[in-house]
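Here is a set of short exercises to work through with the model open beside you. Try each task on your own before reading its solution.

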Amino acid sequence: MQPEPLKSIPETFAGVDVFITGGSGFMGKVLIEKLLRSCPDIGKVFVLLREKKGKSSGERVQDLVGVPLFDKIRETCPDVIQKLIPIAGDCSLLKLGLHEDSLEQMKNVQIVFHAAASVRFDDPLCKAILLNTRGTREVFRWAKTLKNLRALVHISTTYCNPEIFEVEECIYPAKMDWQKAIEIAEQMDPEVVETLSQKLTSFSPNTYTFTKGLAEQICYDFHQELPLVIFRPSIVTNAEKEPLPGWIDNFNGPIGLLVGMGTGVMRSGCIKLDNHINCIPVDVSIKAIIIAAWKRANSSSAQPILPIYNSAADVCKTATYNFLVTDGEELYYKTPTSQVLWAPGGVNAICLEVYYVAFFFLQFLPSLVLDALIKLSGHKPMSLRLQRRIFDATISLKYFTDNEWVFKTANFRGLQLALLDQDRETFDINYITKGLVSYYADSIMGARRYLFKEKDDTIPAARKKIMRFMWINRVIKYTLFFFLGYLLFCKISVALS
(Lines give C-alpha, C1' and ligand atoms only; values in the text may rest on other atoms or scores of the structure.)
Protein backbone atom coordinates (compact mmCIF):
# COMPACT_ATOMS: atom_id res chain seq x y z
CA MET A 1 0.00 0.00 0.00
CA GLN A 2 1.49 3.33 -1.14
CA PRO A 3 1.68 6.21 1.38
CA GLU A 4 -0.76 9.08 0.90
CA PRO A 5 0.78 11.96 -1.13
CA LEU A 6 2.02 14.88 0.94
CA LYS A 7 -0.53 17.69 1.00
CA SER A 8 0.37 21.31 0.25
CA ILE A 9 0.25 23.91 3.03
CA PRO A 10 -3.21 25.28 2.10
CA GLU A 11 -4.52 21.70 1.80
CA THR A 12 -3.06 20.75 5.18
CA PHE A 13 -4.74 23.73 6.87
CA ALA A 14 -8.06 23.29 5.02
CA GLY A 15 -10.86 22.73 7.54
CA VAL A 16 -8.34 22.68 10.41
CA ASP A 17 -9.01 24.67 13.58
CA VAL A 18 -6.04 26.71 14.83
CA PHE A 19 -5.34 28.32 18.20
CA ILE A 20 -3.01 31.34 18.55
CA THR A 21 -1.67 33.06 21.65
CA GLY A 22 -0.04 36.46 21.27
CA GLY A 23 -2.27 37.26 18.31
CA SER A 24 -2.37 40.97 19.11
CA GLY A 25 1.43 41.24 19.01
CA PHE A 26 3.57 42.19 16.03
CA MET A 27 4.28 38.64 14.87
CA GLY A 28 0.83 37.40 15.89
CA LYS A 29 -0.96 39.85 13.60
CA VAL A 30 1.20 38.90 10.62
CA LEU A 31 0.67 35.19 11.36
CA ILE A 32 -3.12 35.62 11.43
CA GLU A 33 -3.11 37.65 8.22
CA LYS A 34 -0.92 35.16 6.35
CA LEU A 35 -2.98 32.14 7.45
CA LEU A 36 -6.26 33.77 6.41
CA ARG A 37 -4.92 35.09 3.10
CA SER A 38 -2.86 32.11 1.94
CA CYS A 39 -4.96 29.32 3.50
CA PRO A 40 -8.50 30.65 2.86
CA ASP A 41 -10.10 27.22 3.46
CA ILE A 42 -8.70 27.09 6.99
CA GLY A 43 -11.17 26.14 9.74
CA LYS A 44 -11.66 28.41 12.74
CA VAL A 45 -8.79 30.60 13.94
CA PHE A 46 -9.13 31.02 17.70
CA VAL A 47 -7.16 33.95 19.16
CA LEU A 48 -6.56 34.24 22.90
CA LEU A 49 -7.13 37.86 23.97
CA ARG A 50 -7.46 39.37 27.42
CA GLU A 51 -9.50 42.42 28.29
CA LYS A 52 -7.38 45.53 27.92
CA LYS A 53 -8.15 49.20 28.55
CA GLY A 54 -11.80 48.38 29.08
CA LYS A 55 -12.15 46.55 25.77
CA SER A 56 -13.45 43.00 25.59
CA SER A 57 -11.73 40.27 23.57
CA GLY A 58 -14.39 40.73 20.86
CA GLU A 59 -13.72 44.45 20.59
CA ARG A 60 -9.98 43.87 20.54
CA VAL A 61 -10.19 41.41 17.66
CA GLN A 62 -12.04 44.06 15.64
CA ASP A 63 -9.23 46.51 16.38
CA LEU A 64 -6.71 43.82 15.43
CA VAL A 65 -8.09 43.37 11.90
CA GLY A 66 -8.70 47.09 11.45
CA VAL A 67 -5.05 47.92 10.75
CA PRO A 68 -3.67 48.42 7.19
CA LEU A 69 -2.04 44.97 7.41
CA PHE A 70 -5.45 43.43 6.63
CA ASP A 71 -6.31 45.77 3.72
CA LYS A 72 -5.50 43.14 1.09
CA ILE A 73 -7.78 40.56 2.75
CA ARG A 74 -10.60 43.11 3.02
CA GLU A 75 -10.24 43.82 -0.71
CA THR A 76 -9.95 40.24 -1.99
CA CYS A 77 -11.69 37.89 0.47
CA PRO A 78 -13.35 39.81 3.33
CA ASP A 79 -15.51 36.83 4.37
CA VAL A 80 -12.48 34.89 5.58
CA ILE A 81 -12.08 37.36 8.47
CA GLN A 82 -15.25 35.85 9.95
CA LYS A 83 -13.19 32.72 10.71
CA LEU A 84 -11.29 34.71 13.34
CA ILE A 85 -12.81 33.95 16.76
CA PRO A 86 -11.73 35.79 19.93
CA ILE A 87 -11.27 33.70 23.06
CA ALA A 88 -11.26 35.51 26.41
CA GLY A 89 -8.25 34.48 28.44
CA ASP A 90 -4.80 35.42 29.68
CA CYS A 91 -1.53 33.49 29.42
CA SER A 92 -0.41 34.83 32.80
CA LEU A 93 -3.31 33.03 34.54
CA LEU A 94 -3.66 29.40 35.53
CA LYS A 95 -5.47 27.36 32.87
CA LEU A 96 -5.02 30.45 30.67
CA GLY A 97 -8.10 31.93 32.34
CA LEU A 98 -10.26 29.92 29.94
CA HIS A 99 -13.98 29.35 30.55
CA GLU A 100 -15.58 25.92 30.12
CA ASP A 101 -17.52 27.03 27.04
CA SER A 102 -14.26 28.19 25.41
CA LEU A 103 -12.64 24.82 26.13
CA GLU A 104 -15.59 23.06 24.53
CA GLN A 105 -15.49 25.41 21.55
CA MET A 106 -11.81 24.62 20.92
CA LYS A 107 -11.83 20.86 21.47
CA ASN A 108 -11.12 20.15 17.79
CA VAL A 109 -8.05 22.39 17.48
CA GLN A 110 -5.31 20.61 15.55
CA ILE A 111 -2.54 23.24 15.31
CA VAL A 112 -1.37 25.63 18.05
CA PHE A 113 0.93 28.64 17.72
CA HIS A 114 2.17 29.88 21.10
CA ALA A 115 3.51 33.40 20.53
CA ALA A 116 2.37 35.18 23.71
CA ALA A 117 5.18 36.74 25.73
CA SER A 118 6.20 39.98 27.33
CA VAL A 119 9.18 41.24 25.34
CA ARG A 120 9.97 43.97 27.85
CA PHE A 121 13.52 43.61 29.17
CA ASP A 122 12.72 45.40 32.44
CA ASP A 123 9.70 43.39 33.57
CA PRO A 124 9.86 42.30 37.24
CA LEU A 125 11.04 38.70 37.48
CA CYS A 126 7.77 37.36 38.96
CA LYS A 127 5.70 38.92 36.19
CA ALA A 128 8.02 37.59 33.48
CA ILE A 129 7.99 34.07 34.94
CA LEU A 130 4.20 33.94 35.22
CA LEU A 131 3.67 35.03 31.62
CA ASN A 132 6.66 33.71 29.67
CA THR A 133 7.36 30.52 31.64
CA ARG A 134 4.23 29.43 33.49
CA GLY A 135 2.11 30.61 30.55
CA THR A 136 4.00 28.14 28.34
CA ARG A 137 3.34 25.32 30.80
CA GLU A 138 -0.37 26.19 30.88
CA VAL A 139 -0.59 26.14 27.07
CA PHE A 140 1.06 22.72 27.00
CA ARG A 141 -1.19 21.32 29.72
CA TRP A 142 -4.26 22.42 27.77
CA ALA A 143 -2.78 21.12 24.50
CA LYS A 144 -2.48 17.64 26.06
CA THR A 145 -6.29 17.53 26.28
CA LEU A 146 -6.64 17.96 22.49
CA LYS A 147 -7.35 14.60 20.87
CA ASN A 148 -6.45 15.65 17.31
CA LEU A 149 -3.41 17.86 17.92
CA ARG A 150 -0.95 17.64 15.02
CA ALA A 151 1.52 20.49 15.68
CA LEU A 152 2.36 22.93 18.47
CA VAL A 153 4.82 25.68 17.55
CA HIS A 154 6.45 27.47 20.49
CA ILE A 155 7.86 30.82 19.40
CA SER A 156 11.03 31.48 21.36
CA THR A 157 14.02 33.72 20.58
CA THR A 158 17.57 33.16 19.37
CA TYR A 159 18.69 35.15 22.43
CA CYS A 160 17.21 32.89 25.13
CA ASN A 161 20.79 31.85 26.02
CA PRO A 162 22.56 35.19 25.41
CA GLU A 163 25.77 34.12 27.14
CA ILE A 164 26.36 31.66 24.26
CA PHE A 165 27.69 33.52 21.22
CA GLU A 166 27.58 30.65 18.71
CA VAL A 167 24.03 29.34 18.90
CA GLU A 168 23.23 25.89 17.56
CA GLU A 169 19.73 24.64 16.79
CA CYS A 170 19.62 22.64 19.99
CA ILE A 171 18.51 22.84 23.64
CA TYR A 172 21.06 24.28 26.07
CA PRO A 173 21.44 23.39 29.77
CA ALA A 174 19.00 25.11 32.10
CA LYS A 175 20.11 28.00 34.32
CA MET A 176 17.40 27.03 36.79
CA ASP A 177 14.73 24.37 37.21
CA TRP A 178 11.63 25.80 35.54
CA GLN A 179 9.29 24.19 38.06
CA LYS A 180 11.18 25.79 40.94
CA ALA A 181 11.07 29.16 39.16
CA ILE A 182 7.29 28.97 38.83
CA GLU A 183 6.97 27.91 42.45
CA ILE A 184 9.02 30.92 43.57
CA ALA A 185 6.94 33.32 41.44
CA GLU A 186 3.70 31.89 42.81
CA GLN A 187 4.63 31.71 46.48
CA MET A 188 7.20 34.38 47.29
CA ASP A 189 6.67 38.10 47.72
CA PRO A 190 7.41 39.80 44.35
CA GLU A 191 9.58 42.44 46.03
CA VAL A 192 11.71 39.76 47.68
CA VAL A 193 12.06 37.92 44.37
CA GLU A 194 13.09 41.16 42.68
CA THR A 195 15.78 41.69 45.30
CA LEU A 196 17.15 38.22 44.54
CA SER A 197 16.60 38.40 40.77
CA GLN A 198 20.24 38.74 39.75
CA LYS A 199 21.24 35.67 41.76
CA LEU A 200 18.20 33.62 40.71
CA THR A 201 18.73 34.34 37.01
CA SER A 202 22.48 33.61 37.14
CA PHE A 203 23.05 37.27 36.28
CA SER A 204 21.18 37.09 32.98
CA PRO A 205 21.07 40.36 30.98
CA ASN A 206 17.31 40.68 31.53
CA THR A 207 14.21 38.80 32.68
CA TYR A 208 12.93 38.31 29.12
CA THR A 209 15.79 36.13 27.87
CA PHE A 210 15.94 34.25 31.19
CA THR A 211 12.25 33.31 31.24
CA LYS A 212 12.22 32.43 27.53
CA GLY A 213 15.14 30.10 28.21
CA LEU A 214 13.13 28.43 30.98
CA ALA A 215 10.21 28.03 28.55
CA GLU A 216 12.47 26.05 26.20
CA GLN A 217 13.21 23.65 29.05
CA ILE A 218 9.45 23.09 29.37
CA CYS A 219 9.36 22.31 25.64
CA TYR A 220 12.05 19.70 26.13
CA ASP A 221 10.22 18.08 29.04
CA PHE A 222 6.93 17.92 27.10
CA HIS A 223 8.21 17.04 23.62
CA GLN A 224 7.63 13.30 24.04
CA GLU A 225 3.97 13.97 24.84
CA LEU A 226 3.22 16.72 22.33
CA PRO A 227 4.07 17.31 18.63
CA LEU A 228 6.27 20.27 19.54
CA VAL A 229 8.44 22.61 17.49
CA ILE A 230 10.69 25.38 18.85
CA PHE A 231 10.97 28.35 16.52
CA ARG A 232 13.58 30.98 17.43
CA PRO A 233 13.44 34.29 15.54
CA SER A 234 16.27 36.78 15.91
CA ILE A 235 15.29 40.49 15.94
CA VAL A 236 12.05 40.61 13.95
CA THR A 237 11.75 43.71 11.80
CA ASN A 238 9.37 45.18 9.23
CA ALA A 239 7.87 43.15 6.41
CA GLU A 240 10.03 42.87 3.32
CA LYS A 241 7.36 41.96 0.76
CA GLU A 242 3.95 41.00 2.06
CA PRO A 243 1.30 41.95 2.48
CA LEU A 244 2.74 45.50 2.67
CA PRO A 245 6.47 46.21 2.19
CA GLY A 246 7.77 48.04 5.24
CA TRP A 247 4.78 47.23 7.48
CA ILE A 248 5.66 47.70 11.17
CA ASP A 249 3.69 48.44 14.33
CA ASN A 250 6.41 49.18 16.90
CA PHE A 251 9.66 51.10 17.43
CA ASN A 252 11.68 48.06 18.56
CA GLY A 253 14.98 47.06 16.98
CA PRO A 254 16.79 49.09 14.32
CA ILE A 255 13.66 51.01 13.34
CA GLY A 256 13.80 52.75 16.72
CA LEU A 257 17.39 53.77 16.04
CA LEU A 258 16.57 54.98 12.52
CA VAL A 259 13.49 56.92 13.61
CA GLY A 260 15.22 58.38 16.68
CA MET A 261 18.12 59.64 14.59
CA GLY A 262 15.94 60.67 11.66
CA THR A 263 13.73 62.89 13.82
CA GLY A 264 16.70 64.46 15.63
CA VAL A 265 15.37 63.13 18.95
CA MET A 266 18.31 60.75 19.46
CA ARG A 267 21.66 62.58 19.24
CA SER A 268 23.91 60.41 21.39
CA GLY A 269 24.61 56.70 21.65
CA CYS A 270 27.00 54.14 23.03
CA ILE A 271 27.24 51.27 20.57
CA LYS A 272 30.00 49.36 18.80
CA LEU A 273 29.54 50.57 15.24
CA ASP A 274 31.30 47.59 13.66
CA ASN A 275 28.97 45.05 15.29
CA HIS A 276 26.25 43.44 13.20
CA ILE A 277 22.59 43.46 14.24
CA ASN A 278 20.85 40.24 13.23
CA CYS A 279 17.38 41.02 11.89
CA ILE A 280 14.83 38.88 10.06
CA PRO A 281 11.83 40.38 8.20
CA VAL A 282 8.56 39.52 9.92
CA ASP A 283 6.90 38.12 6.78
CA VAL A 284 9.85 35.75 6.23
CA SER A 285 9.76 34.51 9.83
CA ILE A 286 5.98 34.00 9.76
CA LYS A 287 6.09 31.99 6.54
CA ALA A 288 8.83 29.84 8.08
CA ILE A 289 6.68 29.30 11.21
CA ILE A 290 3.80 28.09 9.05
CA ILE A 291 6.12 25.78 7.09
CA ALA A 292 7.47 24.36 10.38
CA ALA A 293 3.90 23.69 11.57
CA TRP A 294 3.00 22.09 8.22
CA LYS A 295 6.10 19.90 8.31
CA ARG A 296 5.41 18.74 11.88
CA ALA A 297 1.72 18.15 11.18
CA ASN A 298 2.64 15.83 8.32
CA SER A 299 5.34 13.91 10.18
CA SER A 300 5.06 10.91 12.46
CA SER A 301 3.45 11.70 15.81
CA ALA A 302 6.09 9.54 17.49
CA GLN A 303 8.98 11.88 16.70
CA PRO A 304 11.78 11.47 19.26
CA ILE A 305 13.72 14.58 18.21
CA LEU A 306 12.49 18.07 19.12
CA PRO A 307 12.74 20.21 15.94
CA ILE A 308 14.42 23.60 16.57
CA TYR A 309 14.75 26.39 14.02
CA ASN A 310 16.98 29.45 14.40
CA SER A 311 15.20 32.00 12.21
CA ALA A 312 18.19 34.30 11.81
CA ALA A 313 19.92 36.06 8.93
CA ASP A 314 23.24 35.07 7.41
CA VAL A 315 26.00 37.56 8.27
CA CYS A 316 26.16 38.77 4.66
CA LYS A 317 22.54 39.90 5.00
CA THR A 318 22.92 41.73 8.29
CA ALA A 319 23.64 45.43 8.76
CA THR A 320 26.29 46.90 11.01
CA TYR A 321 25.34 49.73 13.32
CA ASN A 322 27.66 51.90 11.26
CA PHE A 323 25.59 51.06 8.16
CA LEU A 324 22.41 52.11 9.97
CA VAL A 325 24.00 55.36 11.14
CA THR A 326 25.69 56.38 7.86
CA ASP A 327 23.48 54.92 5.13
CA GLY A 328 20.44 55.49 7.30
CA GLU A 329 21.12 59.23 7.37
CA GLU A 330 21.02 59.36 3.58
CA LEU A 331 17.74 57.42 3.55
CA TYR A 332 15.85 59.55 6.01
CA TYR A 333 16.92 62.74 4.23
CA LYS A 334 15.14 61.27 1.18
CA THR A 335 11.92 60.29 2.98
CA PRO A 336 11.87 62.16 6.31
CA THR A 337 8.92 62.14 8.65
CA SER A 338 6.98 65.33 9.24
CA GLN A 339 7.60 64.79 12.97
CA VAL A 340 11.27 65.77 12.66
CA LEU A 341 12.33 68.01 15.58
CA TRP A 342 15.91 68.72 14.58
CA ALA A 343 18.52 67.81 12.00
CA PRO A 344 19.92 64.25 12.19
CA GLY A 345 23.35 63.86 13.72
CA GLY A 346 25.12 63.52 17.03
CA VAL A 347 27.93 61.57 18.66
CA ASN A 348 28.62 57.94 19.51
CA ALA A 349 30.37 57.67 22.87
CA ILE A 350 33.32 55.36 23.43
CA CYS A 351 32.17 54.48 26.96
CA LEU A 352 29.17 54.92 29.25
CA GLU A 353 30.72 57.83 31.15
CA VAL A 354 31.10 59.83 27.94
CA TYR A 355 27.60 58.80 26.89
CA TYR A 356 26.14 60.20 30.12
CA VAL A 357 27.75 63.58 29.42
CA ALA A 358 26.70 63.58 25.76
CA PHE A 359 23.15 62.57 26.64
CA PHE A 360 22.91 65.34 29.25
CA PHE A 361 24.00 68.12 26.89
CA LEU A 362 22.61 66.86 23.57
CA GLN A 363 19.31 65.32 24.66
CA PHE A 364 18.36 66.09 28.26
CA LEU A 365 18.95 69.86 28.29
CA PRO A 366 17.32 70.52 24.87
CA SER A 367 14.32 68.42 25.96
CA LEU A 368 14.08 70.40 29.20
CA VAL A 369 13.83 73.62 27.16
CA LEU A 370 11.41 72.07 24.66
CA ASP A 371 9.09 70.80 27.40
CA ALA A 372 9.06 74.27 28.98
CA LEU A 373 8.03 75.80 25.65
CA ILE A 374 5.37 73.13 25.14
CA LYS A 375 3.99 73.76 28.61
CA LEU A 376 3.86 77.51 27.99
CA SER A 377 1.85 76.85 24.81
CA GLY A 378 -0.77 75.05 26.89
CA HIS A 379 0.04 71.50 25.76
CA LYS A 380 1.18 68.46 27.70
CA PRO A 381 5.00 68.16 27.80
CA MET A 382 6.36 64.85 26.50
CA SER A 383 9.98 65.35 25.45
CA LEU A 384 11.63 64.48 28.78
CA ARG A 385 9.48 61.36 29.13
CA LEU A 386 10.57 60.26 25.65
CA GLN A 387 14.22 60.90 26.46
CA ARG A 388 13.90 58.79 29.62
CA ARG A 389 12.65 55.90 27.49
CA ILE A 390 15.52 56.34 25.04
CA PHE A 391 18.05 56.41 27.88
CA ASP A 392 16.57 53.29 29.53
CA ALA A 393 16.54 51.45 26.19
CA THR A 394 20.17 52.35 25.51
CA ILE A 395 21.27 51.01 28.89
CA SER A 396 19.13 47.85 28.77
CA LEU A 397 20.36 47.00 25.26
CA LYS A 398 24.03 47.64 26.07
CA TYR A 399 24.83 43.94 26.45
CA PHE A 400 23.37 43.25 23.01
CA THR A 401 24.98 46.20 21.21
CA ASP A 402 28.36 45.34 22.77
CA ASN A 403 28.31 41.72 21.55
CA GLU A 404 27.78 39.73 18.37
CA TRP A 405 26.24 36.31 17.87
CA VAL A 406 26.58 33.64 15.21
CA PHE A 407 23.42 31.60 14.66
CA LYS A 408 23.51 28.19 13.01
CA THR A 409 20.54 27.96 10.64
CA ALA A 410 20.73 24.63 8.79
CA ASN A 411 17.25 23.57 9.96
CA PHE A 412 15.78 27.00 9.20
CA ARG A 413 17.26 27.04 5.68
CA GLY A 414 16.02 23.48 5.20
CA LEU A 415 12.41 24.67 5.48
CA GLN A 416 12.70 26.26 2.03
CA LEU A 417 13.92 22.96 0.59
CA ALA A 418 11.05 21.05 2.22
CA LEU A 419 8.39 23.03 0.33
CA LEU A 420 6.33 21.39 -2.40
CA ASP A 421 6.50 23.02 -5.81
CA GLN A 422 2.98 24.46 -5.49
CA ASP A 423 3.95 26.24 -2.24
CA ARG A 424 7.27 27.73 -3.31
CA GLU A 425 5.94 31.06 -4.49
CA THR A 426 3.43 31.67 -1.68
CA PHE A 427 5.74 30.57 1.14
CA ASP A 428 9.15 31.56 -0.23
CA ILE A 429 11.48 32.43 2.67
CA ASN A 430 14.34 33.97 0.73
CA TYR A 431 15.03 37.37 2.29
CA ILE A 432 16.75 40.72 1.71
CA THR A 433 16.53 39.90 -1.98
CA LYS A 434 17.08 43.51 -3.12
CA GLY A 435 19.87 44.35 -0.69
CA LEU A 436 20.08 46.08 2.67
CA VAL A 437 19.74 49.64 1.35
CA SER A 438 16.44 48.81 -0.34
CA TYR A 439 15.18 46.97 2.73
CA TYR A 440 15.94 49.80 5.15
CA ALA A 441 14.54 52.36 2.71
CA ASP A 442 11.27 50.44 3.01
CA SER A 443 11.74 50.42 6.80
CA ILE A 444 11.82 54.20 6.96
CA MET A 445 8.89 54.51 4.56
CA GLY A 446 7.02 51.97 6.67
CA ALA A 447 7.66 54.05 9.78
CA ARG A 448 6.17 57.09 8.04
CA ARG A 449 3.07 55.24 6.87
CA TYR A 450 2.28 52.88 9.74
CA LEU A 451 3.85 54.39 12.88
CA PHE A 452 3.47 58.10 12.22
CA LYS A 453 0.46 57.54 9.92
CA GLU A 454 1.68 60.11 7.40
CA LYS A 455 0.64 60.19 3.76
CA ASP A 456 3.26 59.99 1.02
CA ASP A 457 2.27 63.39 -0.38
CA THR A 458 3.68 65.02 2.78
CA ILE A 459 7.25 63.95 1.89
CA PRO A 460 8.17 67.14 -0.10
CA ALA A 461 7.15 69.38 2.81
CA ALA A 462 9.01 67.12 5.26
CA ARG A 463 12.15 67.36 3.08
CA LYS A 464 12.02 71.15 3.21
CA LYS A 465 11.59 71.01 6.98
CA ILE A 466 14.55 68.70 7.59
CA MET A 467 16.77 70.72 5.23
CA ARG A 468 15.83 73.89 7.11
CA PHE A 469 16.83 72.25 10.39
CA MET A 470 20.05 71.02 8.78
CA TRP A 471 21.09 74.58 7.82
CA ILE A 472 20.11 75.99 11.21
CA ASN A 473 22.12 73.23 12.89
CA ARG A 474 25.15 74.04 10.72
CA VAL A 475 24.92 77.76 11.43
CA ILE A 476 24.71 77.13 15.20
CA LYS A 477 27.57 74.62 15.07
CA TYR A 478 29.90 76.85 13.03
CA THR A 479 29.01 79.90 15.11
CA LEU A 480 29.87 77.98 18.28
CA PHE A 481 33.15 76.76 16.81
CA PHE A 482 34.02 80.29 15.68
CA PHE A 483 33.15 81.69 19.11
CA LEU A 484 35.25 79.07 20.92
CA GLY A 485 38.08 79.65 18.47
CA TYR A 486 37.86 83.39 19.06
CA LEU A 487 38.00 82.92 22.84
CA LEU A 488 41.00 80.63 22.48
CA PHE A 489 42.72 83.16 20.19
CA CYS A 490 42.11 85.96 22.68
CA LYS A 491 43.48 83.84 25.54
CA ILE A 492 46.63 82.96 23.58
CA SER A 493 47.11 86.60 22.54
CA VAL A 494 46.90 87.75 26.17
CA ALA A 495 49.35 85.05 27.23
CA LEU A 496 51.87 86.09 24.55
CA SER A 497 51.59 89.81 25.16
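**Exercise 1: An arginine in a helix**

Arg 134 has a relative accessible area of 9%, so it is buried. Keep in mind that this is a predicted model.

Task: Find the helix that holds Arg 134, and list the residues that Arg 134 contacts beyond its neighbours within four places in sequence.

Solution. Step 1: locate Arg 134 in helix α6, which covers residues 125–143. Step 2: apply the burial cut-off, which is under 20% relative accessible area; with 9%, Arg 134 counts as buried. Step 3: look for partners, leaving aside residues within four places in sequence; the contacts of Arg 134 are Ser 92, Leu 93, Leu 94, Ile 129, Ile 182 and Glu 186.

**Exercise 2: A threonine in a loop**

Task: Decide whether Thr 409 is buried or exposed, and name the residues it touches when those up to four places away in sequence are not counted.

Solution. Step 1: place Thr 409 in the loop that runs between β15 (406–407) and α17. Step 2: check its relative accessible area, which is 5%, so Thr 409 is buried. Step 3: collect the contacts, which are Glu 169, Asn 310, Ala 312 and Asp 314.

**Exercise 3: Unusual backbone geometry**

Task: For Leu 96 and Ile 432, work out what the sign of phi is. Then find which residues the cis peptide bond with an omega of about -10° joins.

Solution. Step 1: start from the general expectation that most residues other than glycine have a negative phi, and that most peptide bonds are trans. Step 2: turn to Leu 96, which is not a glycine yet has a positive phi of about 60°. Leu 96 sits in the loop between β3 (84–88) and α5 (100–105), and its relative accessibility of 0% makes it buried. Step 3: do the same for Ile 432, where phi is positive at about 45°, again in a residue that is not a glycine. The loop holding Ile 432 lies between α17 (410–418) and α18 (436–451), and at 9% relative accessibility Ile 432 counts as buried. Step 4: the cis peptide bond is between Glu 242 and Pro 243. Pro 243 belongs to the loop between β8 (235–237) and α11 (254–262).

**Exercise 4: Aromatic rings**

Task: How many aromatic pairs does the structure hold, and how are the planes of Tyr 355 and Phe 359 arranged?

Solution. Step 1: the count of aromatic pairs is 24. Step 2: for Tyr 355 and Phe 359, the ring centres are 5.9 Å apart and the planes meet at 45°, so this pair is tilted. Step 3: find the pair in the fold; both residues belong to helix α14 (residues 352–376), four residues apart, which is about one turn of the helix. Tyr 355 and Phe 359 are both buried. Step 4: look for a cluster; ring pairs connect Phe 121, Tyr 159, Phe 165, Tyr 208, Tyr 399, Phe 400, Trp 405 and Phe 407. Step 5: add the charges that lie over rings. Lys 34 is over the face of Phe 427, at 4.8 Å from the ring centre, and Arg 474 is over the face of Trp 471, at 5.0 Å from the ring centre.

**Exercise 5: Annotated spans**

Task: Compare the UniProt spans 20–289, 362–454 and 475–496 with the secondary structure of the model.

Solution. Step 1: the unreviewed UniProt entry lists residues 20–289 as "domain: Thioester reductase (TE)". That span is 39% helix and 15% strand, with its end C-alpha atoms 12 Å apart. Step 2: residues 362–454 are listed in the unreviewed entry as "domain: Fatty acyl-CoA reductase C-terminal". Here the chain is 63% helix and 2% strand, and the end C-alpha atoms lie 27 Å apart. Step 3: the unreviewed entry gives residues 475–496 as "transmembrane region". This stretch is 100% helix and 0% strand, with 31 Å between the end C-alpha atoms.

**Exercise 6: The whole chain**

Task: Why does the protein chain count as being as compact as a globular protein of its length?

Solution. Step 1: count the elements, 19 helices and 15 strands. Step 2: the radius of gyration is 25 Å, close to the 23 Å given by the globule rule for 497 residues, so the chain is as compact as a globular protein of that length. Step 3: add the burial, with 50% of the 497 residues buried.

Definitions and conventions
Residues are numbered from 1 along each chain as its sequence is written. This is a predicted model: local features need pLDDT of at least 70, side-chain atom pairs count only at pLDDT 80 or more; totals for chains, interfaces and linings use all residues. Side-chain values use heavy atoms; hydrogens and water are left out. Rings of Phe, Tyr and Trp (its six-membered ring) pair if their centres lie within 6.5 Å; planes under 30 degrees apart count as stacked, over 60 as edge-to-face and the rest as tilted. Buried means under 20% relative accessible area, exposed over 50%, partly exposed in between (1.4 Å probe, protein chains only). A charge sits over a ring if NZ of Lys or CZ of Arg is within 6 Å of the ring centre and within 35 degrees of the ring normal. The radius of gyration is taken over C-alpha atoms; the globule rule is 2.2 Å times the number of residues to the power 0.38. UniProt positions are given in the numbering used here, feature names are shortened, and annotations may be inferred rather than shown by experiment. Contact means heavy atoms within 4.5 Å.
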